[in-house]
Amino acid sequence: EHLTCTNIVNHINNQSTICKLKLEFFKKLIYKLLVGLLAPMSLRTTKEVDPIKNERNGSVREVGCQAIWSLSSCKPGFGVDQLRDDRADTYWQSDGQLPHLVNIQFQRKTTISDIYIYTDYKLDESYTPSRISIRVGTHFNDIQEIEVIPLIEPAGWVHVSIRDLRDKPIRVFMIQLAVTSNHQNGRDTHMRQIKIHSPIEHSEKRPPKPNMAPKKSSKPNAYIVFAQDLMNRQGGRKYNSLKEACDVAGPIWARMSREEKEPYEVRANIMRGDTHRRKLTTEGVDVEAFTSQEQEKINAEESAREQMRATIQIAQKDKVLDREVFLLVHFNMFCYQASTDRYWPAEVAVLAFNLRDGVLSEHIFHSIIKPGPLPIGYKSDAKLHSDQTHLLEVPFDRESNAHVLYESLKEFMQRHKKAGAKGLPALYADIKHVKMIQNILDRWSLEYDYETDLFKVINLQAMFHVLRNTVAGEEVWHTPAFSERELEKDVFSYSPEIACPFHACTPRTLYCSQSIVIRYAFIICDNCCSDLHIDLVSGQHVPLESLASKATSAASSMSGFTVQSSKRKNPNQYSEISDFNSSSNAWEVASCTSNYSISTVVSQSEDDFPELGGFKKKDPSSKLPPLGWVKNTQTFTGAGSGLNERLKNLSLASENSGPSPGLSSSDFPAMSVGRGRRPKPKSQ
């Protein structure tokens, strides 16, 4: 009532100003709330986000190239390389069950401010992620989820800002992107690009800190906890300070065992608030977990060896050791990528044999592998390795026969499985190749059967050592070094007619996988069959020419003998290749297959033998290479059987007319008795 008009007007103006200020405040508050609610649906899926722009400004840098990338699964040719090639028309495609994971591991702690993910719903539809979880940590065992991004039909770059509680970029060793769901309930997912940004910190000159005494740590270690416990004990010596207690506790602590110190370490961890403290390797892997995994591998290998020993001993006890089937395996490879611990195979051969029957063509599985595209930057290494070893053509396309080959290999192994046995039979490989073969088979089984323990690959040298001692009935080979030496000598390395059709047309039959597994079997048979009183059959237990070579060396005694011929109808039956090897290039080798056959009888006259003091000059019309392959108008004929016929004729002649006056044992050329080696005549 006492206010004048001027005062009333001023009062109204003041109230109006206050209302305007309040209105602005509520407007800003509502705007922030709306932005926070709508950001996952709208702001993060806009096409206007450009991660390259920030890199050009110099405010951030892309650090994904400094990390090691791995995926939970991927289709061949749609992996990490496509995810990081800076192209929007390529993508990573998963191949498995949800969630699909992208693991990004840095070698040192790295500051991360932003993550950019490129997706396109119009192109990918049900493969487009609809929910992505961002997780960070030191390693796989301690990662924590920091943000969940819901996406609604995104098209373009999705921006995720990584901040801690103080709104600062975080420092991590590992980032994991987990796709937990896709649009339209899709199973697999597509991601076209991922970029990781780290802020560029411009160094500023800070004023020097004043000289101050170092701050004492308030977090005790296990030794301090023990000293405090010693000082607080009742009924003993009284200590005036912790330092005095530490002087006494030092010698006692040094004599304590690890088990006695463990309770104090646990108490110290609890006092520090670090109940899950673990030692880590330089790669951020838990030392205890790593040691446990290695110990599990060692235990699994030892268990497989014990099972192998038990199998051989039981077969010997039941007197069926000569029928016990062993599966020998060998792989050739193109290249090995250490960052992903993956091998790209080139050729595979598996032989199922026993000591009684030896090597039979129907028990050989062989195929040349098309592994699909090789990793970027490895084709040159693969070409160099191929030129130096197996000469198989390096694949330059995305075609792969691995799945069909995998199923056929399982079917082949199932046929040779014991009745009532669980799982597939064990495979035996050279100790140098066990890791590679186990890695390849485990990857195939995980990719096609979602299992990792289907195949067991055991050290061949260990099996050979146990088998040799078992058939001998005593420990003739005291250590596996004996079996290793026999396999390393590889006395049948240049035996004919055991390579596949492709390698039979090349000078590298030594590296053929089929040839290698057959030579393994020949070496085992050559060392073990005699103790089981099994006659060696040429072409089944030893190479075709091996027995002929031994028979020739025995010719100096001028006694009659018979060389056991092969039971095989076609001596080139080893050279059978699977249907998986059909191709329009080097895999087609059918036209290169050599045409060899073995005759049981070859008639040769005595004129082919040398006279006393040297070789007799042969008739040019009947040239025969000594102890080689004898070529006629139709086929090639082995000299071993012809030599057998010669010796029979000479033996009959000696019985009828007495010893020949013009020939003696010294007239024959010197011949080595070594297994599989072709004898050489003396120089004229």
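P99 sits in the loop between β3 (92-93) and β4 (100-112), where strands are DSSP E runs of at least two residues and helices are H or I runs of at least four, numbered from the N terminus. A cis peptide bond links L98 to P99, with omega about -5°. For background, most peptide bonds are trans, and most residues other than glycine have a negative phi.

This is a predicted model, with local features needing pLDDT of at least 70 and side-chain atom pairs pLDDT 80 or more, while totals for chains, interfaces and linings use all residues. Residues are numbered from 1 along each chain as its sequence is written, and side-chain values use heavy atoms, leaving out hydrogens and water.

Now for two residues with positive phi. Neither Q184 nor E497 is a glycine. Here, buried means under 20% relative accessible area, exposed over 50%, and partly exposed in between (1.4 Å probe, protein chains only).

| Residue | Phi | Loop | Relative accessibility |
|---|---|---|---|
| Q184 | about 55° | between β9 (170-182) and β10 (190-191) | 55%, exposed |
| E497 | about 65° | between α13 (481-489) and α14 (501-504) | 9%, buried |

On to the surface. F25, F26, L29 and I30 make a nonpolar patch of about 410 Å². Patch residues have over 30% relative accessible area and no salt bridge, with nonpolar side chains (Val, Leu, Ile, Met, Phe, Trp, Tyr) joined within 5 Å and like charges within 9 Å; a salt bridge puts a Lys or Arg side-chain nitrogen within 4 Å of an Asp or Glu carboxyl oxygen. F25 belongs to helix α1 (residues 5-38) and counts as exposed because its relative accessibility is 52%.

E259, E260, E262 and E265 form a negative patch. E265 is in helix α7 (residues 258-272), and at 37% relative accessibility E265 is partly exposed.

Conventions: Areas by Shrake-Rupley, 256 points an atom, 1.4 Å probe, with all protein chains shown as cover. Lys, Arg positive; Asp, Glu negative; His and termini not counted. Charge placed at Lys NZ, Arg CZ, Asp CG, Glu CD.
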